[in-house]
Amino acid sequence: MRITIIIFLLGFITVAPSAIVGKKLFDGRVEADSYEKGLVYDEMKDTVMEKGLKLTVKKIEQYDQSVRLDFSLGGTFKPAEIKTEVERPVGGVPFEIKAAEDGDGYTASMPQLEKGYHILKVSFAVDGKEIRLKKNFYIY
């Protein structure tokens, strides 16, 4: 009887923290048509690998009321038009920012951001397919 209780308690102690952490971190997003979206994602990743595309945050400059972000797109493809967004990793609402071409990369100005991690999202079309690249950056 004691062994059964000990095994039950060990199982509960092992599983309960996972359930608690999972409930705290789940942001409520559920994807419809996940299989089809997975196929599109795989196709996008193949295009990214083929073209050698890579998003790099080169410099972050903070001012009193704004942040300036310099980034580049590596690879063999140069998009004619890009869409740029910034959001917080969990629970953040993305907001669109304007990025201007600046020599070998792009420059974007945005309002002052909260301290912590943010995600830069850049979207553009390659051969009629939408490509989305993401890069984390930190605001001090």
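This section describes the salt bridges, aromatic pairs and nonpolar core of a predicted model.

Nine salt bridges are not treated one by one here; of the 9 that the structure holds, several are described in terms of position and accessibility. Lys-51 and Asp-127 form a salt bridge in which the closest N and O atoms are 3.9 Å apart. This pair links distant parts of the chain, with Lys-51 in helix 2 (residues 34-51) and Asp-127 in the loop between strand 7 (116-126) and strand 8 (129-139), 76 residues apart. The relative accessibility of Lys-51 is 19%, so this residue counts as buried, the limit for that class being under 20%. Asp-127, in contrast, is exposed, with a relative accessible area of 60%.

A salt bridge is also formed by the side chains of Lys-58 and Asp-104, at 3.1 Å from N to O. Lys-58 belongs to strand 1 (residues 54-62), while Asp-104 lies in the loop between strand 5 (99-102) and strand 6 (105-111); the pair therefore ties together parts that are 46 residues apart in sequence. Lys-58 is partly exposed at 42% relative accessibility, and Asp-104 is exposed at 65%.

Another salt bridge joins Glu-85 to Lys-83, with 3.7 Å between the closest N and O atoms. Lys-83 has a relative accessible area of 40% and is partly exposed. In addition, Lys-59, Glu-61, Arg-68 and Asp-70 are joined into one network by salt bridges that share partners.

The structure also holds 5 aromatic pairs. A pair of aromatic rings is described by the distance of the centres and the angle of the planes. Phe-77 and Phe-124 form a stacked pair, with 6.3 Å from centre to centre and 15° between the planes. Distant parts of the chain are linked by this pair: Phe-77 is in the loop between strand 2 (66-74) and strand 3 (83-87), and Phe-124 is in strand 7, 47 residues apart. Phe-77 counts as partly exposed at 23% relative accessibility, whereas Phe-124 is buried, with a relative accessible area of 4%.

The pair of Tyr-138 and Tyr-140 is edge-to-face, because the planes of the rings stand at 65°; the ring centres are 4.8 Å apart. Planes over 60 degrees apart fall in this class. Tyr-138 is partly exposed, at 26% relative accessibility, and Tyr-140 is exposed, at 70%. Together with Tyr-117, Tyr-138 and Tyr-140 form one aromatic cluster.

In soluble globular proteins, nonpolar side chains tend to be buried together. In this model, the largest nonpolar core has 23 residues. Those with the most contacts inside this core are Phe-71, Leu-73, Leu-120, Val-122, Phe-124, Ile-131 and Leu-133. At least two residues of the core come from each of helix 2, strand 2, strand 6, strand 7 and strand 8. Phe-124 thus appears both in the stacked pair with Phe-77 and in the list of core residues with the most contacts.

The surroundings of Leu-120 were examined with its neighbours within four places in sequence left aside. Leu-120 is then in contact with Leu-55, Val-57, Leu-69, Phe-71, Thr-84, Glu-85, Val-86, Leu-133, Lys-134, Lys-135 and Phe-137. Among these contacts are Phe-71 and Leu-133, which are also listed among the residues with the most contacts inside the core. Glu-85, another contact of Leu-120, is the salt-bridge partner of Lys-83.

Methods:
Residues numbered from 1 in each chain as written. Predicted model: local features only at pLDDT ≥ 70, side-chain atom pairs only at ≥ 80, totals over all residues. Heavy atoms only, no water. Salt bridge = Lys/Arg side-chain N within 4 Å of Asp/Glu carboxyl O. Helix = DSSP H or I, 4+ residues; strand = E, 2+ residues; numbered from the N terminus. Buried < 20%, exposed > 50% of the residue type's maximum accessible area, 1.4 Å probe, protein only. Phe/Tyr/Trp six-rings, centres within 6.5 Å; stacked < 30°, edge-to-face > 60°. Core = buried A, V, L, I, M, F, W, Y, C linked by side-chain atoms within 4.5 Å. Contact = heavy atoms within 4.5 Å.
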